[in-house]
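Reader: I am in my first year and still learning to read structures. Could you take me slowly through one part of this one, and show me how its pieces are arranged?

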Amino acid sequence: MKGALSDPMSVLDDAVNAALYPDTAYAHESGGDPRAIPALTYEQFLDTHARHYNPSNSYITLYGDLDVDRALTFLDERYLSQSSAASRRMDAAVAAGEDPSALAPNPLDVQAPVACEYKCVEMATTPENALVGLGLVLGSALDRKRTIAADILFEALLGSNEAPVKKAILAAGLGGNVVSYTAAECLQPYELIMLQNAQPGVARELRRVFQDACRDLCEHGVPRERLEAIISSNEYDLRQRDYGIADGVAIACDALSTWLYDDDAATLALKYGPVYEELRGELDGSYFEDLLRELVLENDHMALVELAPVDAAEGAEGAEAARAGSQARCHDRCRAGRCGRAHGRAAHRAGGRGHARGQGHVAAPARVRHWRGAPRAAAGRGHDRAHPLSAPRHPHQPPGLRHAVLRPELRRV
């Protein structure tokens, strides 16, 4: 965790999440703040583990040519029907007339729209690590058409140095490079546009240049050849599934990006064929321009965050002050039963297999991100092909056992 939290891009990503989703578990580091972890008691640790890491809170995926009934029977006999610490605690609570909901996993609530006009976080790092991030919430994870369309749209606008919006930002001389990332696996997916090696005090100017370039495209149209090329490339990658990992693993991760939020949506994310067919039809109208206007010019759920480098002494002093304020807020949330930290009633933050077309793909642990527009040497992870949308890295875990049977033919839906 200390290594992850020393990476400026990860620190900014966390700050953007905290600004976009202040009232949910997404506002907190899933692995825990190393400075707060020592305050975690053994009783709190056991409580969190029992409520979250148990069979009734699991998702099970079966993939391949197998006898489904036999596999499910095996799982039930050897695993699911066995008594666990969580089930024993639940039985005891019910017998004592206590509210069993107190023993349930932490909920993940929908964040009401918030607009963070500007926030600055300081970090002890070198000046060239200065960053500005603009986060835009896209909608719901269950609205696959909108999420996929947004991913295609921002790839067309920011995916290369010749992409129109990235080109405008670079021409403004605000920083060294622009990268972006679609976090499609969250309950409320978001887009993060990040200016690297940012000049001091350019955060609001970045937003102005970005919005002006998008406004021009709304009026004159997003280049259709770029959109069509991205749609074709995405479809090819999805059908090939050449990601360097087993098919079943990739498909299971994809399934979780919708299944986590709706028991009836276990295979929704896998049925991409009709969505892409519909989006091809939208190339003849103003759908993409209308979506761009909604996401950039009319969005009431956004955050503008700057990461300002400071020297080590200032950074330590600022970090200590931030820690004190964070702990005070955390204690208030604990008392209200809404804390998502790794102590007390910890919640898991949903995350994803980051992606950038041409930058690589990997089924990743908590902090791997692949940014579109990043030089390959900077991305530095994954394989030759990228997954067109990210999938869960460390999923939020709603209550109740789930299992799904994903048959091989779903590869081609």
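Author: What follows is a close look at the sheet and at the helices that pack on it or on each other. Please keep in mind that this is a predicted model.

Let us begin with the sheet, which is open and is formed by five strands in the order S2-S6-S3-S5-S4, with mixed pairing. Strand S2 (115–124) and strand S4 (177–183) stand at the edges and have a single partner strand each, so one side of each is left without a neighbour in the sheet. On average, neighbouring strands are turned by 15° against each other, if direction is ignored.

At the S4 edge, S4 and strand S5 (residues 190–196) run antiparallel and are joined by seven bridges, and here Tyr-181 stands opposite Leu-192 in S5. Helix H6 (residues 164–171) packs on the sheet, where it touches S4 and S5, and its direction makes about 140° with that of S4. Helix H7 also packs on the sheet, touching S2, strand S3 (131–137), S5 and strand S6 (302–310), and the direction of H7 makes about 140° with that of S6.

H7 (residues 203–220) packs in turn with helix H11 (residues 287–297), at an angle of about 160° and with their axes 9 Å apart; the two helices are therefore roughly antiparallel to each other, and their crossing is left-handed. On the H7 side the contact is made by Phe-210, Gln-211, Cys-214, Arg-215, Leu-217 and Cys-218, while H11 contributes Glu-289, Leu-292, Arg-293, Val-296 and Leu-297. Sorted by class, this contact has seven nonpolar, one polar and three charged residues.

Key. Residues numbered from 1 in each chain as written. Predicted model: local features only at pLDDT ≥ 70, side-chain atom pairs only at ≥ 80, totals over all residues. Heavy atoms only, no water. Axes fitted to C-alpha atoms, helices over the stretch in contact; angles between N-to-C directions. Helix = DSSP H or I, 4+ residues; strand = E, 2+ residues; numbered from the N terminus. Parallel < 35°, antiparallel > 145°, perpendicular 65-115°, else oblique. Left-handed = near helix turned anticlockwise from the far one by under 90°. Contact = heavy atoms within 4.5 Å. Nonpolar A, V, L, I, M, F, W, Y, C, P; charged D, E, K, R; others polar. Pairing = 2+ DSSP bridges.
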